[in-house]
Amino acid sequence: MTCDYIKLANGGVQRLQPYSPGKPIEELERELGIRDIIKLASNENPLGPSHKALEAAKRALEQVHLYPDGAGFSLKAALAEKLGVNSNQVTLGNGSNDILELVARAYLQPGEETVYAEYAFAIYPLVTVACSAKPVMVPAHLYGHDLAAMADAINQNTRIVFLANPNNPTGTWFNDVALDRFLERVPEDVLVVLDEAYFEYVEESHYPDGLRRLARYPNLIVTRTFSKIHGLAGLRVGYAVSHPDVADILNRVRQPFNVNIPALAAAEAALDDVDHLENSRCENTAGLGQLVEGLNQLGLEHIPSVANFITVDCAGEALPVYEALLREGVIVRPLGGYGLPNHLRVTVGTARENERFLNALAKVMKAGAR
Ligand SMILES: Cc1ncc(COP(=O)(O)O)c(C=O)c1O
């Protein structure tokens, strides 16, 4: 080969490490030849999607010879009404990941900086580096965002700050007072992406709603998704709510048909299914309690979580525990890539799945897999 196609790529992309997703069930089936596998690795809703969403997606399949409505008019209108914002503030994405990338692509120039927290969602540095910009990581405080230190890290090169509330993979959160104190300190020409992918799961009374702050802080971009509590991860729909001018810019860089026809229909139907949402939230709260109790019984520490997953300290190297769990047919997520080599992240499953995970964990820990 005469040409080096790695070196030919733009500088930022050459330095990228691809995002490492949770192991798919089919892959483990192929590798170990085992059946009856449970996946608690990607923070999906174990109850599945709303039946209303599923029916809407099935009906929409009849239309897939046509391009989708590129403007997503109907879903945007439904979101605007539900969220108490205007349609021109909404940007639709192929998952909220798509939105995170759009923001980076639209606003970052090579050499500019983004600020994000240690142990924060891996996509923030990834989309930054892909634009040949510089991700500035701010050390965490008790595994969560140190908002004061993050405000201190903003300088004249900073274009974007990424905040995850709650954060993945730690499940940590910050309250309304802390958020407002932070936003007051951010210059207007620095965008703040407030990633609320797990918003609907949180039951804390001082948990802030980013949308209620948009009028006061025009540099705020709130992102949410249909992948988590709505159970539509496989269809890929997320959205941002922002100042209309920011939405205008994001819509300029967005692919014209970035959300497909079944996804648009399912998301709109899911918005209406309040019972499914409530049920999912209640099941999650119960499941989180079940996991905490089980981990306590095993004498294992965890990071307190308000989301649909929990991060466990294996009190030693977690990778052997992860691998032993795979052999038990349980897929969780090792966090070495996040600088947490002793931790595993476990998605809250159904009561039976949680029990199966806890039993498998007890077995592998007893066998000395740590
Ligand atoms: C904090 C956070 N933000 C965004 C996403 C992206 O989700 P999606 O692209 O499915 O909307 C995830 C997915 O795990 C996440 O944990």
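User: Which residue in β13 does P334 stand opposite?
Analyst: In this predicted model, strand β12 covers residues 333-335, and P334 belongs to that stretch. Strand β12 is joined by 3 bridges to strand β13, residues 340-347, and the two run antiparallel. Within β13, the residue that stands opposite P334 is L344.

User: Which strands stand at the edges of the open sheet that holds β9, β10, β13 and β12, and why is one side of each left without a neighbour?
Analyst: The sheet is open and its 4 strands follow the order β9-β10-β13-β12, with antiparallel pairing. Neighbouring strands in this sheet are turned against each other by 35° on average, direction ignored. Each edge strand has a single partner, and therefore one of its sides has no neighbour in the sheet; these strands are β9 (301-303) and β12 (333-335).

User: At about what angle does helix α11 run to β10?
Analyst: Helix α11 spans residues 274-297 and lies across three strands, namely β9, β10 and β13. All three appear in the antiparallel sheet of order β9-β10-β13-β12. Relative to β10 (309-313), the helix runs at about 10°.

User: How far apart do the C-alpha centres of domain 1 and domain 2 lie?
Analyst: The chain is divided into domain 1, which takes in 21-48 + 275-366, and domain 2, which takes in 51-272. The contact draws 25 residues from domain 1 and 24 residues from domain 2. The C-alpha centres of the two domains are separated by 25 Å.

User: Which three residues supply 32% of the area that domain 1 buries against domain 2?
Analyst: Between them, domain 1 and domain 2 bury about 2,100 Å², with 61% of it on carbon and sulfur atoms. On the side of domain 1, no other three residues supply more of the buried area than this set. The three are R281, V306 and Y338.

User: Which element gives the most residues to the side of domain 1 that touches domain 2?
Analyst: Across this interface the count is 9 residue pairs in polar contact, whereas the number of salt bridges found is 0. Two or more residues on the domain 1 side come from each of α11, β10 and β13. With 6 residues, the element that gives the most is α11.

User: Which residue in β5 does T114 stand opposite?
Analyst: Strand β3 covers residues 113-117 and is joined to β5 by 3 bridges, the two strands running parallel. Strand β5 itself covers 158-164. The residue of β5 that stands opposite T114 is I160.

User: Which strands stand at the edges of the sheet with 7 strands?
Analyst: This open sheet has the order β2-β8-β7-β6-β5-β3-β4, and its pairing is mixed. Its neighbouring strands are turned by 20° against each other on average, direction ignored. The edge strands each have a single partner, so one side of each lacks a neighbour in the sheet; they are β2 (90-93) and β4.

User: In which loop are P166 and P169 found?
Analyst: The peptide bond from N165 to P166 is cis, with omega near -5°. The bond from N168 to P169 is also cis, with omega near 20°. P166 is placed in the loop that joins β5 (158-164) to α8 (176-185), and P169 is likewise found in the loop between β5 and α8.

User: Near what value is phi of L142?
Analyst: L142 lies in the loop between β4 (134-138) and α7 (147-152). Its phi is positive although the residue is not glycine, with a value near 50°.

Terms used:
Residues numbered from 1 in each chain as written. Predicted model: local features only at pLDDT ≥ 70, side-chain atom pairs only at ≥ 80, totals over all residues. Heavy atoms only, no water. Pairing = 2+ DSSP bridges. Axes fitted to C-alpha atoms, helices over the stretch in contact; angles between N-to-C directions. Contact = heavy atoms within 4.5 Å. Domains from an automatic or database assignment. Buried area = accessible area lost by both parts, 1.4 Å probe. Salt bridge = Lys/Arg side-chain N within 4 Å of Asp/Glu carboxyl O. Polar contact = N/O pair within 3.5 Å; in protein donor to acceptor, adjacent residues only side chain to side chain.
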